[in-house]
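Hi everyone, thanks for coming. Today I'd like to walk you through the empty spaces in one protein model and what sits in them.

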Amino acid sequence: MVTKAEIRKPEEEKTAGTVRTKNMGLRGVTVADTRVSFIDGENGVLIYRGYLIEELAVHSTFEETAYLLLHDALPTESQLKEFTRRLVEARQVPDFLFESFKKLPKEAKPMDVLQASVPLLGMADPDLPDETREANVNKAIRLIARIPIVAAGWHRIRQGREPLRSDDRLSHAGNFLWLLTGIRPDPETARDLDTCLVLHADHTFNASTFAAREVVSTRAHMYAGAAAAVGALSGSLHGGANAEVMKMLKEVENEKDIPGWVRKQLDSGRKIMGMGHAVYKTTDPRAKFLKEMSERLGKKLGQEKWYRLSTRIEDAAVSEFEKRGKTTIKPNVDFYSASVYHLMGIPGDLMTPVFAVSRIAGWTAHIIEEKFAEAQEKPALYRPASEYVGHYCGRMGCTYVPVQQRTRDAA
Ligand SMILES: CC(C)(COP(=O)(O)OP(=O)(O)OC[C@H]1O[C@@H](n2cnc3c(N)ncnc32)[C@H](O)[C@@H]1OP(=O)(O)O)[C@@H](O)C(=O)NCCC(=O)NCCS
């Protein structure tokens, strides 16, 4: 058997032609060209198809932003009307989906249900086998229209209630709130959620978008890519962070000494959820809108404590990180979205599905770009290298010993 010293492959036997740069987590490695979005992490800039997120958050709607992401240009009035009509028309999900939900355990996590539903939606899509660009745009519109229906439908069914019917007069955001809460939102609340959806719609090669692009780079269909993306988003280091922030706010609700609580968290190696970012080294430009919204909604509803708690955690964490030499860790998009969603009546475990309700626009835009090589010369199958650090016995391989002859020592 090999000794410990032999475990690493000799340098000269590494595969010829492999790029020797190793980068754990692919930080800063450029793997493709994209026209969909751009981040300047040092200066806190986010752009969708050329437009600053600040402009879109104030002036655009989710429907218009989704069009922009899919079509690489803002729509004319008639194009937007037609796109919105198609989104409304596609709001229906196949009956078998909600029938199958009724057989699921009520404790099933909404993100798991959402992920499982994506390929089921694909099975009911008449365009599934058609790989033209036009068919992929049709699939994207159906996915964007149906993800909120699925998320809200599961929430109703797990409560033992029937899913509600969509209200075609309501916007994408307003209809989602109606389906979820059973209350038709006032225009201001619907607009606030709409702004949240604009803010979350795309974010370059984040983990879930990369997962989607990687899957479709094998020529798998859009639904396979979108299902992978939902799975990636569910993790607490990605979209799952908003639900973790809400748990944190509830945990510190009665805490007198928030700086002490933050210190303890960090001393014991735990994270402050909703803070820090793989790309932003300054405040996430989306967080500033959500912070303002959290304060405003808190005041409007007479529930200012969530905003107050959030700012106290932010201040204590930023100061504690600075003391530890980590000066770039600031609130990200998930930090204030937790209190905003809570104030809109969205339960904690549905906060990450809300992220998916928005990000499906970016995922599908990236999937189309990947499939049709719209930003580079030709499509490329993703296939990174890894460094083998396992047992190594030379080019001939280790000697295979039949099972009867193996001793415990040799194992
Ligand atoms: C998003 C995240 C994974 C990025 O991590 P990253 O790429 O390692 O970020 P950085 O390189 O800036 O991290 C530098 C250091 O700060 C630590 N750090 C970063 N964010 C932290 C946080 N929220 N709480 C505690 N420590 C944090 C990292 O673990 C790293 O520590 P180390 O040097 O001892 O290894 C990280 O910030 C995080 O886990 N945040 C909390 C989860 C979250 O909000 N995710 C949603 C992101 S939109």
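**Spaces inside the model**

Let's begin with the enclosed kind of space: the largest cavity holds about 30 Å³. Please keep in mind that this is a predicted model. How many cavities of 30 Å³ or more does a search of the whole structure find? The answer is one.

Which residues line the largest cavity? You can pick them out in two stretches of the numbering: Gly276, His277, Tyr280, Thr282 and Asp284, and then Thr328, Lys330, Pro331 and Asn332. Sorted by class, that lining has five polar, two nonpolar and two charged residues.

Now let's turn to the open kind of space. The largest pocket has a volume of about 1,600 Å³. Its lining is made of 46 residues, and those closest to the pocket's centre are Arg27, Asn206, His277, Ala278 and Val279. You have met His277 already, as one of the residues that line the largest cavity.

Which elements supply at least two residues each to the pocket lining? They are the strand β1 (37–40) and the helices α9 (207–216), α15 (333–343) and α16 (351–371). Of the elements, β1 gives the most, with three residues. By class, the pocket lining counts 21 nonpolar, 16 polar and nine charged residues.

So what about the ligand? The space it takes is the largest pocket. Around the ligand there are 20 residues, and the ones that come nearest are Arg27, Lys271, Ile272, Gly274 and Met275. Arg27 is a name to remember, since it is also among the residues closest to the centre of the pocket.

Three of these neighbours reach the ligand through their backbones. For Ile272, a backbone N or O atom lies 2.7 Å from a ligand nitrogen. For Gly274, a backbone N or O atom is 2.8 Å from a ligand oxygen. For Met275, a polar backbone atom is 2.8 Å from a nitrogen of the ligand. Taken alone, the ligand exposes 850 Å², and the protein buries 69% of that.

Finally, the shell around the ligand: by class, this shell has nine nonpolar, six polar and five charged residues. Thanks for listening!

How values were computed: Residues are numbered from 1 along each chain as its sequence is written. This is a predicted model: local features need pLDDT of at least 70, side-chain atom pairs count only at pLDDT 80 or more; totals for chains, interfaces and linings use all residues. Side-chain values use heavy atoms; hydrogens and water are left out. On a 1 Å grid over the protein atoms alone, a cavity is a set of points where a 1.4 Å probe fits but cannot get out, and a pocket is an open set with protein on both sides within 12 Å along at least five of seven lines; lining residues have an atom within 4 Å of a point. Grid points are joined across faces, edges and corners, and a volume is the space filled by probe spheres set on the points. Helices (H or I, at least four residues) and strands (E, at least two) are DSSP runs, numbered from the N terminus. Ala, Val, Leu, Ile, Met, Phe, Trp, Tyr, Cys and Pro count as nonpolar, Asp, Glu, Lys and Arg as charged, and the others, Gly among them, as polar. A residue is near a molecule or strand if one of its heavy atoms lies within 4 Å of it. A polar contact is a pair of N or O atoms within 3.5 Å; within protein, one must be able to donate a hydrogen and the other to accept it, and residues adjacent in sequence count only if both atoms are side-chain atoms. Accessible areas come from the Shrake-Rupley method with a 1.4 Å probe; for residues, only the protein chains shown count as cover. A molecule sits in a cavity or pocket if more than half of its atoms lie within 2 Å of its grid points.
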